[in-house]
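Here is a short report on a protein chain. Look at the sequence and the model first, then read on.

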Amino acid sequence: MRLLFDSWWVLENVTTHYFAFDFLSCETETNRRIILPFWLVSNAVLTICVIHFHIPGAFLWDMLFLAFFSRFILKTRLKETAAPIAALITLFTLKEGFSAAILSWASRNLYLPNGGLKEQVLFSMVLVLLFCFSLHYIRSKYSKALQQTASSCLYLMLLPCILFVCLIRFSLQLDSRSFAPYLISLSTWFRSIFLFLLAAAAIMFGSLLKIDYQLMMLGGKAKQAAFLEYQLAGQQSCIDEALNRNAQYASFQHDIDNHLLVLSGLLHEKQFVQAETYLSRLKQSSKSPPVPILTGNMALDILLREKLGYAESQQIKVTHHIKIPPSFSIDSIDLCALFSNLLDNAITAAQKKPHGQRSLSLQTAARSHFLTIEAINTAVPTARIKAGTGLQNIRQIAEKYHGCMETEQKDGCFRISILLCAPPADGPFTNQE
């Protein structure tokens, strides 16, 4: 019977750590499923050692292993894993606390044959299910909040979590060798009160996650407002640039007319040597405007001409085929912001490659009510792509038009694909809660 109980204890820990690994991988955006067997085997061995040698402070070793694993195996930074690890540690402690308090209360108030081994298995099974459900709920509802790096909002959640863990573990002496005798010595009144306090701690932890999420959403709205201001400034810059280019074209046309008049006069007077000299000096001093890019959107034409011209000046081989159908009524501000972030990221990544290995391809395709945009640029293979402000802005615009964004890094190239849906005929999309 004892062997079966120990086997169940190992299975329970392996199960909870499997879901903990899945939760941590999702929140840190790491895909290391290949090392999952190592993670599970390591935790199983640690559990067997704790059972066999009665190691005190096993929770501390478990959490240190979790932090070590996240930092050196998953290759994540502490500020990226602080919130997910805090959530895991709190849930582990709540599970252990409820298990100890419920079984202690049951041993004093209920008749439990065989030392209550079956009841322990039953309670632990229920708590494992609640633990897994809690992780799934947190991941589905508060994932964005937990993925935020260290900030004041994050510390708001971390400090109470540390307080919960310390109070529960020290109050029940969960990591002490005298854990079992201590629980037996507790009065029924204290056990009942502690169950109530554990329930309150669980509710406070859920409320804390909700508050952190709401604060993050408020910060997100502030960022969106700043992003809109950035878009408007960028659009105004495009308009100013368009007016400047039109003035350059007008000046260029006026100068050409005058130069042609001079050349015509010299040829009419048969001053061929002077005409040839004048034409040679004209070719040296004049610089024709760049050939305009015609996408179907004037503001975007100007933006692309400037960005792609800069890319070519950085020895980046540029190929492009960009057409925006007139029927696709995407807002020019959104369009310029999307391509601006897209090209800024691509040019920055391509510049890290040696000369002669830099390339950038930009393509669009329209099908029915959908517009696809694909950019491929050379990138350093070992560089880890992290969703920064540029990619977040692109994702926001794609979601605004009920589309999506996908990225892939392979064979020394970074590819980003964007799908946009045409707004309805009666106006732009509106967000629906």
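## Terms and model

Two strands count as paired if DSSP finds at least two bridges between them. With that in hand, take one bridge: Leu362 has Ala375 in E3 as its bridge partner. The model is predicted.

The chain has 433 residues, and buried residues make up 38% of them. Its secondary structure comes to twelve helices and five strands. Take the contacts between residues at least 6 apart in sequence: 73% of them join residues at least 24 apart.

## The sheet

Five strands form an open sheet. Their order is E1-E2-E3-E5-E4, and the pairing is mixed. E1 (317-321) and E4 (404-410) are the edge strands. Each has a single partner strand, so one side of each lacks a neighbour in the sheet. From one strand to the next, the twist averages 10°.

Inside the sheet, E3 (residues 370-378) and E5 (residues 413-421) run antiparallel, joined by nine bridges. Two pairs illustrate this register. Ile376 stands opposite Arg415 in E5. Leu371 has Leu420 in E5 as its bridge partner.

## The E2-E3 hairpin

E2 and E3 also run antiparallel, with eight bridges between them. The two strands form a hairpin, with two residues between them. Ser368 sits in the turn and has a positive phi of about 55°. The pair of Leu362 and Ala375, given above, belongs here.

## Helices on the sheet

Which strands does helix H10 touch? H10 (residues 298-313) packs on the sheet and touches E1 and E2 (359-367). The direction of H10 makes about 155° with that of E1.

Helix H11 (residues 332-350) lies across three strands: E2, E3 and E5. H11 runs at about 20° to E3.

## The H2-H3 pair

Another helix contact involves H2 (residues 36-53) and H3 (residues 58-73). Their axes come within 11 Å and cross at roughly 165°. An angle over 145 degrees counts as roughly antiparallel, so H2 is roughly antiparallel to H3. The crossing of H2 past H3 is right-handed.

Which residues make the contact? H2 contributes Phe38, Trp39, Ser42, Asn43, Leu46 and Val50. H3 contributes Ala58, Asp62, Phe65, Leu66 and Phe69. By class, the contact of H2 with H3 has eight nonpolar, two polar and one charged residues.

## Positive phi in two loops

His402 is not a glycine, yet its phi is positive, near 55°. His402 lies in the loop between helix H12 (389-400) and E4. Is His402 buried or exposed? The relative accessible area of His402 is 48%, so the residue is partly exposed.

Asp411 is also not a glycine, and its phi is positive at about 55°. Asp411 is placed in the loop between E4 and E5. The relative accessibility of Asp411 is 71%, so Asp411 counts as exposed. The cut-off for exposed is over 50%.

## Ile293 and its contacts

Ile293 lies in the loop between helix H9 (272-285) and H10. Buried means under 20% relative accessible area. Ile293 has 14%, so it is buried.

What does Ile293 touch, leaving aside neighbours within four places in sequence? Its contacts are Asp301, Leu304, Arg305, Leu308 and His320. Ile293 and Lys323 are 30 residues apart in sequence, and their C-alpha atoms are 9.8 Å apart.

## Leu129 in H5

Leu129 lies in helix H5 (residues 117-146). Leu129 is exposed, with a relative accessible area of 58%. Along the chain, Leu129 and Thr16 are 113 residues apart. In space, their C-alpha atoms are separated by 9.0 Å.

How values were computed: Residues numbered from 1 in each chain as written. Predicted model: local features only at pLDDT ≥ 70, side-chain atom pairs only at ≥ 80, totals over all residues. Heavy atoms only, no water. Helix = DSSP H or I, 4+ residues; strand = E, 2+ residues; numbered from the N terminus. Axes fitted to C-alpha atoms, helices over the stretch in contact; angles between N-to-C directions. Contact = heavy atoms within 4.5 Å. Parallel < 35°, antiparallel > 145°, perpendicular 65-115°, else oblique. Left-handed = near helix turned anticlockwise from the far one by under 90°. Nonpolar A, V, L, I, M, F, W, Y, C, P; charged D, E, K, R; others polar. Buried < 20%, exposed > 50% of the residue type's maximum accessible area, 1.4 Å probe, protein only.
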